[in-house]
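User: I would like to go through a protein model together, step by step. Could we begin with what is on the screen?

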Amino acid sequence: MVLACSIALDEVPVPVDRPNNSPAKPNADEWFGLGKLGESLWNKMWIGTRTTLLFTLIIASIQILIGIFIGSIWGFYTKLDILFIEIVRFLNMIPSLILWLIIIFVFGGNSSFGILVFAISLTSWISLASIIRVQIILVKNAEYNIASKVLGTKGPKIIRKNILPKILPIIIQVSTFAIPTAIALDSLLSFYNFGFVKNPLTETSLGVILNEVIADGTWQAYPYLLIIPICFIGGISLLFFFVGKVFADSLDPKLHR
């Protein structure tokens, strides 16, 4: 991924006829204008979007898979309730950013892509698992689930066949917030210089682009440098939210009576 971004950024055209490589407002040739170093902001934004989306999709996928798995066990098997509550309480005692930094330092201060994914995945599942736990508690004593238990159906099969399909719309709708959350994490880690982008001159992400802009007052003279990244991040977040909402509504039996 990094190599692909490096090659692509090297190909971003920088006008040689600009003595200071200064920004330029959007025009017919450059729809997004030129960045702080005179680079094509159009190319840079799409390269950053590709990098950030890969990061967010991996984070969101792990969060959803772990959240569904742990939340299902947590809600269905009441004997394990105290155990999971203590685990969640312990993880919540440590601020997430501090925990991520500890993991980064344990691995020698290397905030690589894989290390960051591992660190964030340790706590990202908690909110989704808690929601799934509550939903399973609400439906696990329904008549059809009790009938399945009486007939000898095992717990995992009841969860997979009876419970998860019923709460799937709720899971999807909650999961849509995982994408904007992961984008915010990219910006936060980049702000503290612990992002996975090591060389902003050859690689980038939406978080890096946004932090580069707000690092000084250049955006005050060229507002588009701030407006365009914000619109990109907001647009991507809204897109995933609406797609998830439509998909969740299409699976909700209450809306198709």
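**Helices, contacts and cavities**

Analyst: Let us begin with one helix: in this predicted model, the buried residues of α5 are Phe-113, Ile-115, Leu-116, Val-117, Ala-119, Ile-120, Ser-121, Thr-123 and Ser-124.

User: Why is α5 described as largely enclosed by the rest of the structure?

Analyst: Nine of its 12 residues are buried, so α5 is largely enclosed by the rest of the structure.

User: Which helices do those buried residues pack against?

Analyst: The buried residues of α5 pack against α2, α4 (96-106), α6 and α9 (178-191).

User: And how far does α5 reach from end to end?

Analyst: From its first C-alpha to its last, α5 reaches 16 Å, close to the 16 Å expected for its 12 residues at 1.5 Å a residue.

User: Stepping back, how many helices and strands does the chain have?

Analyst: The chain has 12 helices and zero strands. Of its 257 residues, 43% count as buried. Among contacts between residues at least 6 apart in sequence, 68% join residues at least 24 apart.

User: Could you give me an example of residues that are far apart in sequence? What about Gln-63 and Ala-178?

Analyst: Gln-63 and Ala-178 are 115 residues apart in sequence, and their C-alpha atoms are 7.7 Å apart in space. Gln-63 lies in helix α2. Leaving aside neighbours within four places in sequence, Gln-63 is in contact with Ser-124, Trp-125, Ser-127, Leu-128 and Ala-178.

User: Is Gln-63 buried or exposed?

Analyst: Gln-63 counts as buried because its relative accessibility is 12%, and the cut-off for buried is under 20%.

User: Next, α6. Which of its residues are buried?

Analyst: The buried residues of α6 are Ile-126, Leu-128, Ala-129, Ile-132, Arg-133, Gln-135, Ile-136 and Val-139. They pack against α2, α3, α5 (113-124), α7 (143-150) and α8. The helix itself has 14 residues and reaches 20 Å from its first C-alpha to its last, close to the 20 Å expected at 1.5 Å a residue.

User: Arg-133 is on that list. What does Arg-133 form with Asp-81?

Analyst: Arg-133 forms a salt bridge with Asp-81, and the closest N and O atoms are 2.9 Å apart. The pair links distant parts of the chain: Arg-133 is in helix α6 and Asp-81 is in helix α3 (residues 81-93), 52 residues apart. Both Arg-133 and Asp-81 are buried.

User: Why would such side chains pair?

Analyst: Side chains of opposite charge can pair when their charged atoms come close.

User: How many salt bridges does a search of the whole structure find?

Analyst: The search finds two salt bridges. Besides the pair just described, the side chains of Arg-89 and Glu-86 meet in a salt bridge, at 3.3 Å from N to O. Both residues lie in helix α3, three residues apart, which is about one turn of the helix.

User: Why do Arg-89 and Glu-86 count as partly exposed?

Analyst: Arg-89 counts as partly exposed because its relative accessibility is 48%. Glu-86 counts as partly exposed because its relative accessibility is 40%. The partly exposed range lies between the cut-offs of 20% and 50%.

User: New topic: how many cavities of 30 Å³ or more are there?

Analyst: A search of the whole structure finds two. The largest cavity has a volume of about 80 Å³, and the second largest has a volume of about 30 Å³.

User: Which residues line the largest cavity?

Analyst: Its lining is made up of Gly-35, Lys-36, Glu-39, Leu-41, Lys-44, Ile-209, Glu-212, Val-213, Leu-225 and Pro-229. The helices α2 (41-76), α10 (206-214) and α12 (224-251) each supply at least two residues of that lining. The largest share, three residues, comes from α10. By class, the lining has five nonpolar, one polar and four charged residues.

User: And which residues line the second largest cavity?

Analyst: The second largest cavity is lined by Leu-128, Ile-131, Ile-132, Gln-135, Ile-167, Ile-170, Ile-171 and Val-174. The elements giving two or more residues to this lining are α6 (126-139) and α8 (155-175).

User: How do the residues of that second lining divide by class?

Analyst: They divide into seven nonpolar, one polar and no charged residues.

Technical notes: Residues are numbered from 1 along each chain as its sequence is written. This is a predicted model: local features need pLDDT of at least 70, side-chain atom pairs count only at pLDDT 80 or more; totals for chains, interfaces and linings use all residues. Side-chain values use heavy atoms; hydrogens and water are left out. On a 1 Å grid over the protein atoms alone, a cavity is a set of points where a 1.4 Å probe fits but cannot get out, and a pocket is an open set with protein on both sides within 12 Å along at least five of seven lines; lining residues have an atom within 4 Å of a point. Grid points are joined across faces, edges and corners, and a volume is the space filled by probe spheres set on the points. Helices (H or I, at least four residues) and strands (E, at least two) are DSSP runs, numbered from the N terminus. Ala, Val, Leu, Ile, Met, Phe, Trp, Tyr, Cys and Pro count as nonpolar, Asp, Glu, Lys and Arg as charged, and the others, Gly among them, as polar. A salt bridge is a side-chain nitrogen of Lys or Arg within 4 Å of a carboxyl oxygen of Asp or Glu. Buried means under 20% relative accessible area, exposed over 50%, partly exposed in between (1.4 Å probe, protein chains only). The expected span of a helix is 1.5 Å times one less than its number of residues. Contact means heavy atoms within 4.5 Å.
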